[in-house]
Each structure stands twice: as structure tokens, then as C-alpha cells.
Amino acid sequence: MTQQELIERIKEKASSIIMEVSEGIDCPVVRVEKGMLLDFMKLLKNDLDFSFDLIADVTAVDYPERVPRFDVIYHIFSIKNSQRVRVKVSVDDGGGVESVTCIWRGAEWLEREVYDMFGITFYNHPDLRRILMEEDFKYYPLRKDFPLEGIEE
Amino acid sequence: MGIEKNLANLGIVTTCLDKVLNWARKNSLWPMTFGLACCALEMMVTVSARHDIARFGAEVYRGSPRQADLLIVPGTLTKKMLPMVLRLYEQMPEPKWVIAYGNCACTGGVFRTYNVVQGIDQYIPVDVYMAGCPPKPETLLTAIVMLRDKIDKESLKNRG
């Protein structure tokens, strides 16, 4: 399946649950409403045309001037079709998004990292703790307003 | 004059206790098997035949802190890792010495960031600092020679 075909397939099967799908430099980029995330992810995993069975990365981007402030970004790979797709969800400052660990168990630590670095909550996550920083650390270091050298106690 | 000569004939040598202890200690520095980052690779090379750290009696890397005398802190120390390093240090029996291996262990190096300890000497006493990124094996040998000189000057009066 080429990228164009995949985009068409996504439009055909999920036009009611996604906001937009566009061509990226390497793979299709899908923007999803927060409430529709799990429905769309389940479709990507379980539909036989897609079979996106591996979660490659979960990360986030901070846009300090924008409302909502964060984008959570999922990179998903299909081993069967050797194909990738990128899914973006916007999240407010202090807000959260439904965890995808019920679909891909491998997302557990990836989501913990996003929680640790950006302070984005993942609802229904089995074990949402900091993963890189010490447990009593109070800040979210990958936010744009956090100074590189840290904050003196 | 006379008594020492007679003792020597009996096979007895008189000396200063400090000298004997320091001689034993400096010739059997047992380091901890422990690495943090890229500096650890250079430290491991020092044990190999080419550099042969055994010349200075420091080749017996111990797996347990309870058997080690020398803590080499080789590499970038993150704040998350710090409690484990302090615990290793505290588990080592006295007398014990510390070498800060490389720029990161000395000062934090290029990582002037929120998650890196800016020098292990903020938490435990350091005997020898080694600059370099990473320091060559020769530098570790120099550090061990310096440490041996330092041990030679120690006295039981000051240290147990």
C-alpha cells in the first residue's frame, strides 16, 4: 500500500472519527479528537487492512503560545504491511488523554515518559509514575518554559 | 644501634606501623566493578594486557563494595543514579578512596543540565580528579600513582 492508498483507506473507514488526514514526509498524519482516540486506535490495530500491531513511539510537543498547549503524537507501525502512521491529539495544559495501553501494552513506559517530561496525564494507565526523573521531582523538564539548568531549590 | 643489629640477626625488622600499613594498602588497591558511562570503557581497557594496571596492584576488580578499597566514579552521574552510588560508597569498609574519572564525574562536564550531578565531590570526598573526555588509560594509571603517593603520606593518627 502506498501512502496515498493508505490515506484513502483511512478516509474510507474512519472519516467519521478523525478530524483530518494529510500526507507527511514519511507517512500519513492523522489528527484525532481526544474523545475519539481509542476508537480510532482500535480500528488501526484490529482492522485487517491496517493491522498496526506495534506502537513505535509516544511523544509530545509543547506549543507554549497555543491553546490547547500540547500535541501527543503516536507513531504506529504495521509489521505485516511494513507501514507507518502518525496520530496526533491535542491536549490542554493540565489535561490528559486516554491511555492506549489497553490496545498496545508496549505503550506503558512510553506514556510514563510523556507524563514525566510534559505532565500530561494518561487516564486508565496501569502504573502512571515518573520514569526518568527521581520520584520527588516537581517539574516537567521538556516543557518550553523549563530552564535547561534546572530550578534551584 | 646495637639492638637493631641484634634483632636483624634474629630475622626481625623494626619499622613504623604507618609505613607497613600504607605499604600494604597502596599495593593492594581493589577497585569496585562499577561503570556509569563511556569513561567506564576506558577504565576497562586499563585492566587489559597493554596497559596492565596489575603493575600497581589494582587489577582485582571486586563485585562487592564490601571487598573494595577504591571507588572509581567513571562517567556522567545522573541525579536518578546518585542514591545508588552513595549506597555503594557507604557499603565500602574503611579505609576507602575515591577517584573521579572524567570531566562529568569531576564537574558535570558538558552536561550543565537539570538531571546531571555537577560533580560527585558535592556528595562524597574525592581523592584524585581526572580530567578528560574520556581520560586515556594512562591517565588512570597516573591517578593511581598519585593515589599511592597520597596513601604513603597518610597516618593512623588521622585515619582509621
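Between chain A and chain B there is 1 salt bridge. I should say at once that this is a predicted model. The salt bridge joins the side chains of A:E149 and B:R112, with a nitrogen-to-oxygen distance of 3.5 Å. Beside that, the two chains share 3 residue pairs in polar contact. On the side of chain A that touches chain B, the residues divide into 9 nonpolar, 1 polar and 2 charged.

How much area do the two chains bury between them? The value is about 730 Å², of which 59% lies on carbon and sulfur atoms. In chain A, the residues that lose the most area to chain B are A:E134, A:L148 and A:E149, and together they account for 53% of what that side buries. A:E149 thus appears in this group and also in the salt bridge to B:R112. As for the residues taking part, chain A contributes 12 and chain B contributes 6.

One further residue of chain A deserves mention here. A:I131 is found in the segment after β7, which covers residues 121–123. Setting aside residues up to four places away in sequence, A:I131 touches A:W109, A:R112, A:E113 and A:D116 in chain A, and B:K80 in chain B. With A:D92, by contrast, A:I131 has a C-alpha separation of 22 Å, at 39 residues apart in sequence.

Let me turn to the interior. The largest nonpolar core holds 42 residues, and those touching the most other members are A:F40, A:M41, A:Y74 and A:I76. Which elements give two or more residues to this core? They are α1, β1 (18–23), β2 (28–32), α2 (37–46), β3 (54–62), β4 (70–78), β5 (83–91) and α3 (107–118), in chain A. For A:I76, the contacts beyond four places in sequence include A:M41, A:L44, A:F52, A:L54, A:V85, A:V87 and A:W104. There is also a second, separate core, of 20 residues, and among its members are B:C39, B:V128, B:L141 and B:I151.

Strand β5 of chain A also holds A:R86. Is this arginine buried or exposed? A:R86 has a relative accessible area of 14%, and because buried means under 20%, this residue counts as buried. The side chain of A:R86 makes a polar contact with the side chain of A:H75, at 3.4 Å. Apart from neighbours within four places in sequence, A:R86 is in contact with a set of residues that includes A:D26, A:C27, A:P28, A:V29 and A:V30, as well as A:I73 and A:Y74.

At the start of chain A, A:M1 lies in the segment before α1 (3–14). A:M1 is partly exposed, at a relative accessible area of 38%. Not counting residues up to four places away, A:M1 touches A:L6, A:R9, A:D49, A:N81 and A:Q83. The last of these, A:Q83, is 82 residues from A:M1 along the chain, with their C-alpha atoms separated by 8.1 Å.

I close with the salt bridges as a group. Side chains of opposite charge can pair when their charged atoms come close. Over all chains, a search of the whole structure finds 18 salt bridges.

Consider A:K13 and A:D47, whose closest N and O atoms are 3.0 Å apart. A:K13 sits in helix α1 and A:D47 in the loop between α2 and β3, so this pair ties together parts of chain A that are 34 residues apart in sequence. A:K13 is partly exposed, at 34% relative accessible area, whereas A:D47 is buried, at 15%.

In the salt bridge between A:R105 and A:E108, the closest N and O atoms are 2.5 Å apart. A:R105 is exposed, with 56% relative accessibility, and A:E108 is buried, with 12%.

Chain B offers a further case: the side chains of B:D152 and B:K26 meet in a salt bridge at 3.0 Å, N to O. B:D152 belongs to helix α6 (residues 137–152) and B:K26 to helix α2 (residues 17–26), so the pair ties together parts of chain B that are 126 residues apart in sequence. B:D152 is partly exposed, at 39% relative accessible area, while B:K26 counts as buried, at 15%.

Finally, which residues are linked in a network of salt bridges? They are A:D62, A:R69, A:D93, A:R143 and A:D145.

Key. Residues are numbered from 1 along each chain as its sequence is written. Chains are lettered from A and ligands numbered from 1 in the order in which they are written. This is a predicted model: local features need pLDDT of at least 70, side-chain atom pairs count only at pLDDT 80 or more; totals for chains, interfaces and linings use all residues. Side-chain values use heavy atoms; hydrogens and water are left out. Contact means heavy atoms within 4.5 Å. Buried area is the accessible area (1.4 Å probe) that two parts lose on being put together, summed over both. A salt bridge is a side-chain nitrogen of Lys or Arg within 4 Å of a carboxyl oxygen of Asp or Glu. A polar contact is a pair of N or O atoms within 3.5 Å; within protein, one must be able to donate a hydrogen and the other to accept it, and residues adjacent in sequence count only if both atoms are side-chain atoms. Ala, Val, Leu, Ile, Met, Phe, Trp, Tyr, Cys and Pro count as nonpolar, Asp, Glu, Lys and Arg as charged, and the others, Gly among them, as polar. Helices (H or I, at least four residues) and strands (E, at least two) are DSSP runs, numbered from the N terminus. Buried means under 20% relative accessible area, exposed over 50%, partly exposed in between (1.4 Å probe, protein chains only). A nonpolar core is a set of buried Ala, Val, Leu, Ile, Met, Phe, Trp, Tyr and Cys residues joined through side-chain atoms within 4.5 Å.
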